[in-house]
Structure formats: structure tokens, C-alpha cells
Amino acid sequence: DVSFDVGGVGAGSAYKVVKILSSPGGGGKRGEKRTLTVREARQKLVQSELDRLVGGENIVQSALDSVEQEGIVFFDEVDKIAHKEGSYHGPDASAEGVQKDLLPLIEGTTIATKHGNVKTDHILFIASGAFHSVKPSDLLAELQGRLPVRVELKPLTQADFGRILREPKHNLIMQNIALLATEGVALTFAEDAIDEIARVAAEVNTHVENIGARRLHTIIEKIMEDISYGAPDMASDTQVTIKKEDVTKAVGNLLKKADLHKFIL
């Protein structure tokens, strides 16, 4: 029950709200008296009524049903639990144990949670990994059978790196601009410099090691190294522009370092 003691007219008027709170045992205890405006009191009363109508049990059951029928579970770095040619011994034996533990989960089982049991029969499981030193066929045959659809992603191209540097709202370029702005330095990247960063990233990934978009962190860090250290000593409102020549000069050594491991017997 709620009683109103209206002290005026209009949304700005104040009145006292007294709410009877029900206790778990079925009894009731009187809540504290608070003086609120009509607008504030309306919000609290509406929320209180919604909480009463939407029971906690209904929310939990709806969530459980949603997980069981529409859930998606993503396993990343699954190549870390595989061993070359399927030979598991020593410390690699634990990797085989992890794969065996995943088998019933993917095939379909019942998992006990604090909110109730969850059946995994209809949950979609997706596994991914770089698979540089191992192959998907090095996983246990039983696990491969439970993940029947295999998709191989193509390496990022120069055009892809260019989009990554330009399209996201908080891309690496904007992050470095904002970082130097805290030191009063106005940093800008020329368009040809961004194109050169994308070209170098694609080339190094092709000839050294393909680490995907993480290569951009390495390249931009090399470019910004001297500027970042010198920024605190620069005068306020200093203008710094990164050009194509600056990129070539900063990352020249990266292009010269080739992966020689494949030539070692």
C-alpha cells in the first residue's frame, strides 16, 4: 500500500510516500518516510511495480531457456591444446586431458550452475586457433568429429590493414593522437603514411611471421618511439606530422629481418 500526502500542484510539488514492504515471512514492515517531488516519486513507484510484476524466477528460467536454445560458446587458442602429429607425452599429456574433457561438453551434457542445470545439446560451439606449429588434424580424432565444419581464414591484406587504421572509431591512429594531446602535442598522420604502414604490415606478415592485425601495434610503436619520449619536452601546441618518409625510416629494419629458422638444419 502507498499513501500520498500531496503538498501542492504540478510536477515540482512534494509529497510524502510511505510504502509497506513485505517481509519474506508474509508480514510487513513500514518503510522510511521520504519527501519527494511528484516526478521522482512516480519513477520509484513505477520501478517498484515492475519489480513486483517481473519475478526473479521468471528471469532466471527465461535466461536458461535462451542459453540452451540460442547459446554460442567460443573456444579461442584451441591450437594450444594440440601437439604435433598427435603425440602426447610428458607435459603435453595435460593437453590431451583438456581435449577429452571438452568431448562431452560439445557432444551434449548437463552442466550444473548456481542458477540451475544447463543442457548443452543445442548450444553452438566454435573453436579457433592460429595453428602455426600444429594442424587441426593433430587434435584428437573424436574432437575433430564433434567440430565437423572447418573454415580457413585468409591473411589480412594491405587494404584490410588500411581499413583497420581508418574505420574503427578508436583506431590506433586516433589513440596515439589522443595520447600525445595530453602532452599538448598535435599529432597528425598523412594519408600516404597510413598507406605505408598498411603496406609494411602486410609485407612483414608475409615474409617474417603472420601475427595478423597485431603487427600494426609493433609498427606504430616503432614510428612513435622517439616522438613519445620527446613529447614531454616539446613546447605546447607543437605540430607533428608523420609522413611516408618517416614510416620508411622507422621500420626499415623490420623489412630487413627475415625469418632464417627454416634454413637451419
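Mentor: Let's start with a word we need: a contact means heavy atoms within 4.5 Å. Keep in mind, too, that this is a predicted model.

Trainee: Okay, among contacts between residues at least 6 apart in sequence, what share join residues at least 24 apart?
Mentor: Set aside any contacts between residues that sit less than 6 apart in sequence. Of the contacts that remain in the protein chain, the share joining residues at least 24 apart is 60%.

Trainee: How many helices and strands are there in the protein chain?
Mentor: The chain has 265 residues, and buried ones make up 25% of them. As for helices and strands, there are ten of each: ten helices and ten strands.

Trainee: Which helix gives the largest share of the nonpolar patch?
Mentor: The patch covers about 440 Å² of surface and is made by Val 46, Leu 50, Leu 53, Val 54 and Ile 59. Leu 50 is found in helix H1. The largest share, three residues, comes from residues 38-53, that is, helix H1.

Trainee: And Leu 50 itself, is that residue buried, exposed or partly exposed?
Mentor: Buried would need under 20% relative accessible area, and exposed over 50%. Leu 50 has 42%, so this residue is partly exposed.

Trainee: Are the planes of Phe 75 and Phe 125 stacked or edge-to-face?
Mentor: The count of aromatic pairs comes to one. In that pair, Phe 75 and Phe 125 are 5.8 Å apart, centre to centre, with 15 degrees between the planes. Planes under 30 degrees apart count as stacked, so the pair of Phe 75 and Phe 125 is stacked.

Trainee: Which strands does that pair link?
Mentor: Both Phe 75 and Phe 125 are buried. The two are 50 residues apart, so look in distant parts of the chain: Phe 75 lies in residues 72-75 and Phe 125 in residues 124-127. Those are strands E5 and E8.

Trainee: Do the buried residues of H5 line one face or opposite faces of the helix?
Mentor: The buried residues of H5 are Phe 161, Gly 162 and Leu 165. Seen down the axis, they fall within an arc of 105 degrees, so they line one face.

Trainee: What do the buried residues of H5 pack against?
Mentor: One partner is H6, whose own buried residues are Leu 172, Ile 173, Asn 176 and Leu 180. The cover over those H6 residues includes H5, E9, H7 and H8. Going the other way, the buried residues of H5 pack against H6, H7 and H8.

Trainee: Which residue meets Asp 195 in a salt bridge?
Mentor: A search of the whole structure finds ten salt bridges. One of them joins Glu 191 to Arg 166, at 2.9 Å from N to O; Glu 191 is in helix H7 and Arg 166 in helix H5. Asp 195 has a salt bridge at 2.8 Å, and the side chain it meets is that of Arg 166.

Trainee: Last one: is Glu 167 buried or exposed?
Mentor: Glu 167 forms a salt bridge with Arg 163, with the closest N and O atoms 2.9 Å apart. Arg 163 counts as partly exposed, at 49% relative accessibility. Exposed takes over 50%, and Glu 167 has 53%, so Glu 167 is exposed.

Conventions: Residues are numbered from 1 along each chain as its sequence is written. This is a predicted model: local features need pLDDT of at least 70, side-chain atom pairs count only at pLDDT 80 or more; totals for chains, interfaces and linings use all residues. Side-chain values use heavy atoms; hydrogens and water are left out. Patches are made of residues with over 30% relative accessible area and no salt bridge: like charges are joined within 9 Å, nonpolar side chains (Val, Leu, Ile, Met, Phe, Trp, Tyr) within 5 Å. Accessible areas come from the Shrake-Rupley method with a 1.4 Å probe; for residues, only the protein chains shown count as cover. A salt bridge is a side-chain nitrogen of Lys or Arg within 4 Å of a carboxyl oxygen of Asp or Glu. Helices (H or I, at least four residues) and strands (E, at least two) are DSSP runs, numbered from the N terminus. Buried means under 20% relative accessible area, exposed over 50%, partly exposed in between (1.4 Å probe, protein chains only). Rings of Phe, Tyr and Trp (its six-membered ring) pair if their centres lie within 6.5 Å; planes under 30 degrees apart count as stacked, over 60 as edge-to-face and the rest as tilted. The arc is that of the directions from the helix axis to the C-beta atoms.
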